[in-house]
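Colleague: I am new to protein structures, and I would love a close look at one part of this one. Could you first set the scene and then take me inside?

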Amino acid sequence: MGAALLALAGPAAAATRHSCHNLSDGHFMASVEGRDGVFYRVVPDLMNAHPMTDETAQDLARLTRALAEKGTALIFAPVPTKALAMPGHLPPEAADFGFDVSLATTDYLDALSRLKTAGVRAVDLRAGMVGADGPLPYFRTDPRLTATGARIAARAIAAAVAQVPGADDLARNRFESRETGTAVVPSHARLVRQRHCRDPLPEAETPVFTTERIYTADGPQGVIALVGSEHSDTPEVNFAGFLAEETGIDVIQYSVPGGGAFAAISTYLTSAEFQTARPSMLVWELPMADAPGLYDDQRMEELIAAARGTCEVALEITRDADTPRTVTADLGALDPETHYTLFLDSGGAPARQASFTYRNAAEETRTREILRHPAQVPTGRFFLPVTGLWPEGAAAVTITLDVPMDDTVEVRACQR
């Protein structure tokens, strides 16, 4: 909130190299123009701290353990803001907004340290970017990584992959990335900033690479699943290709354009494909500013329950032929002292919204909803923690989707 207020109250910028005015006014892309046409967002780039609470660290540690129980190693790769990765291009105006690169770096490294202490394999992607020679790791007028930044990030993640127990047993194939030219990436951020500037702003241009397998090694073949945000879902930057080249392991990529930090991993972990073919390693790439601590516990609890995959308590359900979008499950047999997460498998219904209405013996009700991002691939599978209800527990839950369920629908309880 403090940084947002600064964005509204910050100093009015004078005309810049690109004849920009009022860049830092209170619009959602409030920015400052740095050296060589590099632009930084006031929020989150010029924030000194980003949320990484002890509770969030423990949730990520639980997710790490849940995945490890069935053979998947989690690697958490928080992407630093452009100001942290490219402090040398910041303008003096950044200090007017209270930004202190030393303080911000300390906060970033402290968050990584606390994650590692909790048992999370957290990767420092910033170190290799600061002061890197050659093309910039971030686009000048866009907050995303370039191909250069993606290669640096992939190299740091590969170092963490090498430290995973059992990684040495996997076959290390050879992949080769070659440059094929340059590309201009569509950039909404650039278009928004251009409205405040008379002169044309630099395009979001990046070298383009393609990665090919050139040798297949003997031995067990591993798989790395890369789930992430806009930093890894931009095809032109070749993030997954660089990761395969740096690790020698096949990489499959899951992303949801515009879906932010959770949409990709939610789609992947709740899918039947994940349950039947788990990867050797799961790399979760997300902006540090979008750390899980920004959200309520439902999203992380869903990921943990899906990762654990121990939903063994089948619940008795009833359905009405006249309401094919609704199913009711009896919760009377569940121990109110035990922490459960409910799992709905709708049989592949392409649902994007699930409403859980709990009812107790006194016929009181409480309702919670799960909403999927519009661009997510609907799996028809939802997990919701049974928390914050009545001391005596709930007697039943009625679950309503936005589309009909098929006849194979089932509801199970997962022990947390």
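How many helices and strands are there in the chain? And which residues have the most contacts inside the largest nonpolar core?

Modeller: Happy to! Please keep in mind that this is a predicted model, in which local features need pLDDT of at least 70 and side-chain atom pairs count only at pLDDT 80 or more, while totals for chains, interfaces and linings use all residues. Residues are numbered from 1 along each chain as its sequence is written, and side-chain values use heavy atoms, leaving out hydrogens and water.

The chain has 11 helices and 18 strands. Both are DSSP runs numbered from the N terminus: helices are H or I with at least four residues, and strands are E with at least two. The chain is as compact as a globular protein of its length, because its radius of gyration is 23 Å, close to the 22 Å that the globule rule gives for 416 residues. That radius is taken over C-alpha atoms, and the rule is 2.2 Å times the number of residues to the power 0.38. Along its principal axes, the C-alpha trace spans about 70 × 60 × 40 Å.

Before we go inside, one useful word is "buried": under 20% relative accessible area, with exposed over 50% and partly exposed in between, using a 1.4 Å probe and protein chains only. By that count, 53% of the 416 residues are buried. Another word is "contact", which stands for heavy atoms within 4.5 Å. Among the contacts with a separation of 6 or more, 76% come from residues 24 or more positions apart.

Now to the part you asked about. A nonpolar core is a set of buried Ala, Val, Leu, Ile, Met, Phe, Trp, Tyr and Cys residues joined through side-chain atoms within 4.5 Å. The largest one has 95 residues, and Leu63, Ile157, Leu269 and Trp284 have the most contacts inside it. Helix 6, residues 147–162, gives the most to this core, with 8 residues. Try picking out Ile157 on your screen: leaving aside residues up to four places away in sequence, Ile157 touches Ile75, Ala77, Val123, Leu125, Phe239, Leu243 and Val283. A second, separate core has 27 residues, including Leu315, Ala329, Phe382 and Val403.

Ala329 leads us on to a neighbour, Ala396, which lies in strand 17, residues 396–401. Ala396 has a relative accessible area of 5%, so it is buried. Beyond the residues up to four places away, Ala396 touches Thr328, Ala329, Leu331, Thr357, Tyr358 and Arg359.

For a contrast in residue type, try Ser266 in helix 9, residues 260–269. Ser266 also counts as buried, because its relative accessibility is 6%. Apart from neighbours within four places in sequence, Ser266 is in contact with Glu302, Leu303, Arg372 and Gln376.

Finally, have a look at some backbone details. Most residues other than glycine have a negative phi, and most peptide bonds are trans. Ser19, in the loop between helix 1 (2–9) and strand 1 (31–33), has a positive phi of about 55° although it is not a glycine. Ser19 counts as buried, because its relative accessibility is 11%. Asp36, in the loop between strand 1 and strand 2, has a positive phi near 60°. With 37% relative accessibility, Asp36 counts as partly exposed. The peptide bond from Val43 to Pro44 is cis, with omega near 10°, and Pro44 is in the loop between strand 2 (39–41) and helix 2 (54–68).
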